[in-house]
Amino acid sequence: NIPPKLNTSCTYNKITSPLCPIFRLGDILQEAKENFSEMAVKGGIIAIDINWDCNLDSWFYDCSPKYGFRRLDSKDVTPGVHFRYARYYKTPQGKEQRTLFKVYGIRFDVLVFGTARKFNSIELIKNLGSMISYFGLVATAIELAIYVRNCSCCSKSPFYTIIDRKKYDTVLNPKQVMYVSHVDEPHVILIKKPLKTSLQHAEGSVVESHPVKFCDAGSFSTSESNENHDNEEYELGQPIRQESSSPDCQKWCFCDKCRPTEKYHEQLCCRKKNGQCITTSPWFQRLVLSSHTLKKTLLYKDPFLDMTDSNINNKLRHLAYKQYIHWRFGSFDLEDRAVIPSCCRWEIRDTYPKAGNNYTGFPME
């Protein structure tokens, strides 16, 4: 335990001299969080733990002990440590007698633990080679089995067709993958190609069916908690703001509440055909815009959140986006690429505005 350049006048200190193997009894008991005056009378058992955690590599050599101290005997069951011994002698009259001593003291148990590590390039190469060859062999064997089974069948197996297509699947730019949900269609649409027209008129494939079968505590409010909302900005069933539609409403908008934009990926309406906007639905007001529901969800995730913070509007707005996606798409798995319709996005922004109104775009700021 003695370092090569040890100053023999040192005394162990956890901060200034952590490697010095010269200890004072008072310091040991202090590190073990024990009272010296009490233990000096009743005795006790103190463990001195010496832990060696060594790195034996020449470029990063480190092998120094770390000391720890703790009490081993129980204060409640068998406090202290003692032993008895007798001293025998004869009196001047020749009678044998003894004196029985009960001695208290402090016993030290030194416990040494150690681990050592050293990099071995040969073992690393062998392990990497074994792993690569194993996975390569498994993939080859599976592909060969599928190919043999396909050749043995009279017609081409659909499973083999899928495997063959996925094997050479082209990876698209993440910005070209978008999920769309319309209130008047029971599906989620996946669009996987660059937009050459508005997102509203882009063609895609069906990936999921509605209605969504879920019930999230943070999304729904119980009837008891919704009976009396103080300072609510709306009455259920009524829009928060009665906005007039844009005078030059775009051809891609069918609810008459979307705002004009030149960006194709933002040209999306909540409907596929003409009809009432989803933002006027009571459920949109309750699940997406309700400050009571959103604040309850925020506090559910962070009970100590400061609701008076100046940035609380940003948290409420982002959570409203997520609530809409969970409601209309049925899963947070699609959150990154799910597109919120223009009418819904601006209704949320108007309800929980951002300072300066400098929004960065879809799907979230």
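Why is strand E6 (residues 177-181) largely enclosed by the rest of the structure? Keep that question in mind; the third point below comes back to it.

1. **The model as a whole.** This is a predicted model, so let us begin with its confidence. The mean pLDDT of the protein chain is 79, and 81% of the residues reach 70 or more. Confidence varies along the chain: strand E2 (residues 65-71) has the highest mean pLDDT of the elements, 93, while helix H5 (residues 223-226) has the lowest, 40. Please read residues 210-248 with care, as pLDDT stays under 50 there. For that stretch the model has 63 contacts beyond four places in sequence.

2. **What the chain is built from.** You will find 9 helices and 8 strands in the protein chain. Of its 365 residues, 32% are buried. Take the contacts between residues at least 6 apart in sequence: 57% of them join residues at least 24 apart.

3. **Strand E6 and its hairpin.** Here is the reply to the opening question: 5 of the 5 residues of E6 are buried, so the strand is largely enclosed by the rest of the structure. Try looking at E6 from each side. Val177, Tyr179 and Ser181 lie on one face and Met178 and Val180 on the other, and all of these are buried, so both faces are covered. A hairpin of 5 residues leads from E6 to strand E7 (residues 187-192). The two strands pair in the antiparallel sense, over 5 bridges. To find the pairing on screen, look for Ser181, which stands opposite Val188 in E7.

4. **An open sheet.** Another place to explore is the open sheet of 3 strands, ordered E2-E1-E5 with mixed pairing. Its edge strands are E2 and E5 (106-117), each of which pairs on one side only. From one strand to the next, the twist averages 20 degrees. Strand E1 (residues 44-55) pairs with E2 in the antiparallel sense over 7 bridges. Within this pair, Ile48 has Phe69 in E2 as its bridge partner.

5. **Two helices in contact.** Finally, turn to helix H6 (residues 282-289) and helix H7 (residues 291-301). Their axes come within 6 Å and cross at roughly 30 degrees. Angles under 35 degrees count as roughly parallel, and H6 and H7 are therefore roughly parallel to each other. On the H6 side the contact is made by Arg286, Leu287, Val288 and Leu289, and on the H7 side by Ser291, Thr293 and Leu294. Sorted by type, the residues of this contact are 4 nonpolar, 2 polar and 1 charged.

Definitions and conventions
Residues numbered from 1 in each chain as written. Predicted model: local features only at pLDDT ≥ 70, side-chain atom pairs only at ≥ 80, totals over all residues. Heavy atoms only, no water. Axes fitted to C-alpha atoms, helices over the stretch in contact; angles between N-to-C directions. Helix = DSSP H or I, 4+ residues; strand = E, 2+ residues; numbered from the N terminus. Parallel < 35°, antiparallel > 145°, perpendicular 65-115°, else oblique. Contact = heavy atoms within 4.5 Å. Nonpolar A, V, L, I, M, F, W, Y, C, P; charged D, E, K, R; others polar. pLDDT = per-residue confidence, 0-100. Buried < 20%, exposed > 50% of the residue type's maximum accessible area, 1.4 Å probe, protein only. Pairing = 2+ DSSP bridges.
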